[in-house]
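Open the model in your viewer and keep the selection tool ready. We will go from stop to stop, selecting a few residues each time.

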Amino acid sequence: MTQQLTQQQLDELAKDLDAIRDEVRADLGERDARYIRRIIRLHRTLEVGGRVMMPFGFIPPVFVAGVASLGLAKIIENMEIGHNVMHGQYDWMNDPSLHSQTYEWDTVCTGDSWRQTHNYEHHTYTNVIGKDRDYGYAVLRLSDDEKWHPLHLLQFINYVMLTVFFQWGVGLHELESERIRRREIKLSDKKGFLKDFFRKGGRQAFKDYVFFPLLTFPVFPIVLAGNVCANLIRNLWSSTVIFCGHFTEDAETFTEASIEGESRGHWYLRQLTGSSNFTGSKWVHILSGHLSHQIEHHVFPDIPAHRYREIAPRVEAICHKYGLKYNTGSFGKQYWTVLKRIGHYSLPDRVRMKLEAQAA
């Protein structure tokens, strides 16, 4: 459970973290601009390389290289470029192609839908049950806040399906299917959203599964298979990164009542205790969009993500100062706790509590 802090401590926590934010913002400049432009060049090089190699995929090593190149391009564009640009991390550059309100990324989810469901809902109400619909994506039970149902016994199947088709799940997130099932809203209420979703999703599917394969018609099946594999790689990696930042065993959840009249210090506290980091090499951080530092991202969503590695030791020191756990560990360790949590809450409450008692 979260360490309880007094209001004075919460105010001091806010000052400590605000000081880091203000310092980094004051230092933004050419170094950060060079970084994002270098990443964009890398993405374009990998995408062109993958597209060029794919027609020669009848040679197995070339097929593997083409899939890897295109898959990495899609990961970098989604994680390190699209996600971070749409958070406003590079708005200060005044570059229209890198502006948070106009950027449109290479995935099924529209930019406008992402800005609503992720930038606003998720980052405002992080891990608040009933407000943050990213928590479990309406298909996973991950806490006692949701009543157990026999269908939860199958939630590992839901988890696998969500990771395999992750871009489509994220793209449909704004549909609020759980509210439609409860008849709180009608499907017709989402007519505008569905129109935008099918338009964007159709373009994405046409590009990867029709246009590029037809462009190389004699090897249509090979290019189609390569594009399917590249999208699968992107989906599996991005979903796993996101789950490791939000759904580990020690990532806390919150009630709507607990955030009433929430101060800035309490909002910071919720971000620190509801998030998880994982360690890795420089390239692990880049390919994760630096969401390997999910704690820092939740605290400073509009600071260029490549700065998170630098400020992480200071954020960790602040956690220790206030007796808060800085939830980090290896990628494998954190992912294992995600799988345990999914399995844990798939069980009936009586079975789960019996297992907890035995473990204690």
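Select residues 177–181, which form helix H7. This is a predicted model. Helix H7 gives three residues to the lining of the largest pocket, the largest share of that lining. How big is the volume of the largest pocket? It is about 820 Å³.

Now find the middle of this pocket. Select Tyr135, Ala138, Glu146, Glu178 and Arg182. Of the 27 lining residues, these are the closest to the centre of the largest pocket. Colour the lining by class next. You should count twelve charged, ten nonpolar and five polar residues around the largest pocket.

**Next stop: the cavities**

A probe the size of a water molecule, rolled over the atoms, shows where empty space is left. How many cavities of 30 Å³ or more are there? The count comes to three. Go to the largest cavity, which holds about 220 Å³ of space.

Select Met79, Trp105, Trp114, Phe166 and Ile242. They lie nearest the centre of the largest cavity, out of 22 residues that line it. Which helix supplies the largest share of this lining? Helix H9 does, with five residues. Select 220–246 to see H9. Then add H3, H4 (111–124), H6 (166–171) and H12 (294–299). Each of these helices, like H9, supplies at least two residues of the lining of the largest cavity. By class, the lining of the largest cavity has eleven polar, nine nonpolar and two charged residues.

**Next stop: H2 and H3**

You have already selected H3 for the cavity lining. Keep H3, residues 60–85, and add helix H2, residues 30–53. Their axes are 8 Å apart, and the helices pack at an angle of about 150 degrees. Are H2 and H3 roughly parallel or roughly antiparallel? An angle over 145 degrees counts as roughly antiparallel, so H2 and H3 are roughly antiparallel to each other. Their crossing is left-handed.

Show the side chains where the two helices meet. On H2, the contact residues include Tyr35, Ile36, Ile39, Ile40 and Leu46. On H3, they include Val62, Ala65, Leu70, Ala73 and Ile76. Charged residues take part too, among them Glu47 and Arg51 in H2 and Lys74 and Glu77 in H3. By class, the contact of H2 with H3 has 14 nonpolar, five polar and five charged residues.

**Last stop: H1 and its two partners**

Select helix H1, residues 7–27, and helix H10, residues 264–273. H1 and H10 pack at about 75 degrees, with axes 8 Å apart. That makes H1 roughly perpendicular to H10. H1 brings Leu10, Leu13, Ala14, Leu17, Asp18 and Arg21 to the contact. H10 brings Arg264, Gly265, His266, Tyr268, Leu269 and Leu272. By class, the contact of H1 with H10 has seven nonpolar, two polar and three charged residues.

Keep H1 and swap H10 for helix H13, residues 308–321. The angle between H1 and H13 is about 170 degrees, and their axes are 10 Å apart. H1 and H13 are therefore roughly antiparallel to each other. Leu13, Asp16, Leu17, Ile20, Glu23 and Val24 in H1 meet Ile311, Arg314, Val315, Ile318 and Lys321 in H13. How many polar residues does the contact of H1 with H13 have? It has no polar residues, but seven nonpolar and four charged ones.

Methods: Residues numbered from 1 in each chain as written. Predicted model: local features only at pLDDT ≥ 70, side-chain atom pairs only at ≥ 80, totals over all residues. Heavy atoms only, no water. Axes fitted to C-alpha atoms, helices over the stretch in contact; angles between N-to-C directions. Helix = DSSP H or I, 4+ residues; strand = E, 2+ residues; numbered from the N terminus. Parallel < 35°, antiparallel > 145°, perpendicular 65-115°, else oblique. Left-handed = near helix turned anticlockwise from the far one by under 90°. Contact = heavy atoms within 4.5 Å. 1 Å grid on protein atoms, 1.4 Å probe; cavity = no way out; pocket = protein on both sides within 12 Å on 5 of 7 lines; lining within 4 Å. Points joined across faces, edges and corners; volume = space filled by probe spheres on them.
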